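Me: I have a model open and would like to practise reading it. Could you take me through it feature by feature?

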Amino acid sequence: MGRAVLHALDLAMDDLTRWTGGLTDAEVHSQPLGLTPVAYHLRHIARSVDRILTYAEGGQISAEQLAALKGEQTGGESLAALLGEVKASLSGASERIRVLATADFDTPRSVGRKQLPTSVGGALIHVADHTQRHVGQVVTTAKVLKALRQ
């Protein structure tokens with residue numbers, strides 16, 4: 001399972017780089033047709049991977065992670081900086097996923113203040129699935145942005 005999760009994250013980075021190519025910094029922060037900005041999705045991907053892996057490891061999110069979550073909606077970073085944050089996040093996640101892939105996937109875990117039940121395996125699958133969902137939103141929004149130029 002670890003290899004599949006790592007592969008999904010590699011593909012996510014490839015797609016993000018490909019589909020955001022050529023977007024301006026202003027476009028990345030815009031809301032074409034009311035869509036959520038690309039910048040939000042990039043911040044969310046980078047930061048949610050860390051949070052989900054923290055739960056998979058049996059922890060709860062820290063004050064720093066909570067502050068990062070609250071800051072996902074705003075910011076004026078360049079596209080390069082946003083992609084750099086995603087790349088750094090996915091790179092850092094790689095070793096954590098390799099370690100988790102050696103665990104018993106049925107080991108119970110809990111998520112958030114409500115302590116929602118999951119497992120190590122469930123959290124690992126969620127890292128890949130959640131990331132890919134937001135990549136899809138980035139791709140769609142990037143296509144809209146480029147189409148609106150014409």
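Here is a short conversation about the fold, a helix pair, the core and two residues.

Me: Happy to start. Which secondary-structure elements does the protein chain have?

Reply: Keep in mind that this is a predicted model. The protein chain holds six helices and two strands. Read from the N terminus, the order of its elements is α-α-α-α-α-β-β-α.

Me: How compact is the protein chain?

Reply: A handy check is to set the radius of gyration against the globule rule. Here the radius of gyration is 16 Å, close to the 15 Å given by that rule for 150 residues, so the protein chain is as compact as a globular protein of that length. Along the principal axes, its C-alpha atoms fill a box of roughly 50 × 30 × 20 Å. Of the 150 residues, 41% count as buried. As for contacts with a separation of 6 or more, 78% of them come from residues 24 or more positions apart.

Me: What describes two packed helices?

Reply: The angle between their axes and the distance between those axes. Take H3 (residues 38-56) and H6 (residues 120-148): they pack at about 180°, and their axes are 10 Å apart. An angle over 145 degrees counts as roughly antiparallel, and H3 and H6 are therefore roughly antiparallel to each other. The residues of this contact comprise 16 nonpolar, nine polar and no charged.

Me: Next, the interior. Which residues have the most contacts inside the largest nonpolar core?

Reply: They are Leu-16, Leu-42, Leu-53, Val-86 and Ile-97, in a core of 36 residues. At least two residues of this core come from each of H1, H3, H5 (79-100) and H6. H6 gives the most, with ten residues. To see one member's surroundings, select Leu-42: leaving out residues up to four places away in sequence, Leu-42 touches Leu-16, Leu-79, Leu-82, Leu-83, Val-86 and Val-138.

Me: Now a pair of sequence neighbours. Is Thr-20 buried or exposed?

Reply: The cut-off for buried is under 20% relative accessible area. Thr-20 has 1%, so Thr-20 is buried. This residue lies in H1 (residues 2-20). Apart from neighbours within four places in sequence, Thr-20 is in contact with Val-38, Leu-79, Leu-83 and Val-138.

Me: And where is Gly-21 found?

Reply: In the loop between H1 and H2 (25-29). Gly-21 is partly exposed, with a relative accessible area of 34%. Try a distance too: Gly-21 and Leu-79 are 58 residues apart in sequence, while their C-alpha atoms are 9.1 Å apart in space.

Key: Residues are numbered from 1 along each chain as its sequence is written. This is a predicted model: local features need pLDDT of at least 70, side-chain atom pairs count only at pLDDT 80 or more; totals for chains, interfaces and linings use all residues. Side-chain values use heavy atoms; hydrogens and water are left out. Axes are lines fitted to C-alpha atoms, for helices over the stretch in contact, and angles run from 0 to 180 degrees between N-to-C directions. Helices (H or I, at least four residues) and strands (E, at least two) are DSSP runs, numbered from the N terminus. Angles under 35 degrees count as roughly parallel, over 145 as roughly antiparallel, 65 to 115 as roughly perpendicular and the rest as oblique. Ala, Val, Leu, Ile, Met, Phe, Trp, Tyr, Cys and Pro count as nonpolar, Asp, Glu, Lys and Arg as charged, and the others, Gly among them, as polar. Buried means under 20% relative accessible area, exposed over 50%, partly exposed in between (1.4 Å probe, protein chains only). Contact means heavy atoms within 4.5 Å. A nonpolar core is a set of buried Ala, Val, Leu, Ile, Met, Phe, Trp, Tyr and Cys residues joined through side-chain atoms within 4.5 Å. The radius of gyration is taken over C-alpha atoms; the globule rule is 2.2 Å times the number of residues to the power 0.38.
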